[in-house]
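Me: I'm new to reading protein structures. Could you take me slowly through one place where two helices meet, and then show me what lies around it?

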Amino acid sequence: MTDTRPTTLAQENAAILAKDPNWWRQAAVYQIYPRSFADANGDGIGDLPGITSRIPYLAELGVDAVWLSPFYPSALADGGYDVDDYRDVDPKLGTLADFDEMVAALHASGIRLIVDIVPNHSSNRHRWFQEALASPKGSAARDRYLFHDGAGPDGTEPPSDWKSMFGGSAWEPAGDGQFYLHLFAPEQPDLNWANREVRDDFLTTLRFWADRGVDGFRVDVAHALAKDLTYPLRSHDELEEMKLVTDGSHPLWDREELDEIYAEWRAVFDEYDPPRIAVAEAWVEPSRRYRYALPTSLGQAFNFDLLRANFDADEFRAIVDHNIQSVAVTGSSNTWVFSNHDVVRHATRYGLADDPGQEGEVGKRWLLHGGPASELDAALGLRRARAATLLMLALPGSAYLYQGEELGLPEVADIPDAERQDPTFFRSPGVEVGRDGCRVPLPWTTAGSSFGFGADGAHLPQPSWFGAFSVEAEGADPDSTLHLYRRALALRRELQGAEELTWRRHPSGADDVLWFERPGGWQSITNFGASSVDLPEGEVLVTSAPLEDGRLPSATTAWLRG
Ligand code: GLC
Ligand code: CA
């Protein structure tokens, strides 16, 4: 019999990973937007070998897992969320062999991998959609998507006045009197999840990646898959009014049938040891989020509450409390996130004026991607971002980080119109600048071609100031945001215990100070107020900004052990 005991550190790491079914509960997960992370072959587009080459960086940063945004073949009508083939790698990004190599290298470094799965829509270049267009009305090929006859006296008008999420009509003519539904870009036709073949094919896709060693899945627009398109279709205004319904009766979002779909997925996840995990991207009412987080469903769901909140002690505290209560109901764990590939980077967001919205009323600052530079206080934004992140990394649950936030990278606001890629920009048209500003390729070096991203330029233009935020520059500066993340992630690993939090009250009675303790005496204290406050007794482990005469300054977090 062969000896299967691990002989190298890499094998030991992989063996450890294979054992822990609860790894996701308090993981620090780093999101990679592959086309903008690292470009190994110098064509201006980040790729899988680029990621593999940077695994030592991720290991040093101290993350537990990587969430990889879509890397599938795609014409990039929506940054890869328009998938041509769910079971392959985009040739611009590499091959399946490159993928296998990346997974093995991640695992050998003790890092797990979550891949993005995009079930609501395929791309219009997917063979199924091409077949649907070439097939007659009423055919089995058309039933995999959501085709409808046109309306109006001669049937030339769209079946309803629904709007796509990226602007414009949600219906596109198929050329023969029928229209197809696309909640996003016209290049992203919505799949019909009432169709058995569609369901089965996704189960095959989940197994395909799980068999290749993928540890979990991030489920794109998980709340959209099931739809009720029976006639007569309601109007756009009626749908808007129904947005807040929480009984699963909205024709497009958050419907009851999703439970059944995800129960089938769960059965596939549980075929594996350890079971594969999933996290839902579901922009639903907070009170509905639990459905996706149930152990019989996807198991975990993003909460974007902190991401939408102002830098405000009361808002933060209420959100933390609410989410702790809701995971207590499902047995899931919390998810915290400030930045991702869809929103303005938080170092910039926090440098813009607060939302005027009152409690419960969500402002749009997190979605406004442009705005004149004069409205931005960049230093304040970064200072608050560092304080907020340090607070988040002390919370019980998983922390989802977005590539570049560990550098305190700001949003790139001034991408020339001619170089923009995001469909929101083109379909709004030009009113919303879109999400390209948080997707600019990362700066690795202070100078040189595309700041070390690749040998020959970057697919989105990098500003001249990018070098100051590079891994090279920050690696050399002990006060940098990069060093703060490294220190905090290392401490978090060491201190992390049970998923519990106890609020403590600052002796001064100040309402704008949030202070909590985790099991084992680990404490986090954040001063959201304008003036400095006394720091409670204890060993100071790390601070997001220097203390002032031993006091905790405005917009600063400190971790203590006491
Ligand atoms: C999700 C993705 C976003 C994409 C959309 C359509 O919200 O995060 O980037 O545009 O789904 O797939
Ligand atoms: Ca490349």
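Reply: Happy to! Keep in mind that this is a predicted model. Look for helix α6, residues 196-211, and helix α8, residues 258-269: they pack with their axes 10 Å apart, at an angle of about 30°. Angles under 35 degrees count as roughly parallel, so α6 is roughly parallel to α8. The crossing in which α6 passes α8 is right-handed.

Now zoom in on the side of each helix that takes part. From α6, the contact uses Arg196, Arg199, Phe202, Leu203, Leu206 and Arg207. From α8, the partners are Glu260, Ile261, Glu264, Trp265, Val268 and Phe269. Try colouring these two groups differently on your screen.

Next, follow the chain out of α8. The loop between α8 and β8 (277-280) holds proline 274. A cis peptide bond joins this proline to aspartate 273, with omega about -5°. That is worth a pause, because most peptide bonds are trans.

A second cis bond can be found in the loop between β7 (216-219) and α7 (236-241), where proline 232 sits. Here the bond joins tyrosine 231 and proline 232, again with omega about -5°.

Stay in that loop between β7 and α7 a moment longer, since valine 221 is found there too. Its phi is near 30°, a positive value in a residue other than glycine. Why stop at a positive phi? Because most residues other than glycine have a negative one. Is valine 221 buried or exposed? Its relative accessible area is 6%, and under 20% counts as buried, so valine 221 is buried.

You can practise the same reading on alanine 555, in the loop between β17 (551-552) and β18 (556-561). Alanine 555 also has a positive phi, near 50°. With a relative accessible area of 3%, alanine 555 is buried.

To finish, here is another helix to set beside the pair. Helix α13 covers residues 378-394, and its 17 residues reach 25 Å from the first C-alpha to the last, close to the 24 Å expected at 1.5 Å a residue. Most of α13 is covered, with twelve of its 17 residues buried. Among them are Gly381, Arg384, Leu390, Leu391 and Met392.

Technical notes
Residues numbered from 1 in each chain as written. Chains lettered and ligands numbered in written order. Predicted model: local features only at pLDDT ≥ 70, side-chain atom pairs only at ≥ 80, totals over all residues. Heavy atoms only, no water. Helix = DSSP H or I, 4+ residues; strand = E, 2+ residues; numbered from the N terminus. Expected span 1.5 Å × (residues − 1). Buried < 20%, exposed > 50% of the residue type's maximum accessible area, 1.4 Å probe, protein only. Axes fitted to C-alpha atoms, helices over the stretch in contact; angles between N-to-C directions. Parallel < 35°, antiparallel > 145°, perpendicular 65-115°, else oblique. Left-handed = near helix turned anticlockwise from the far one by under 90°. Contact = heavy atoms within 4.5 Å.
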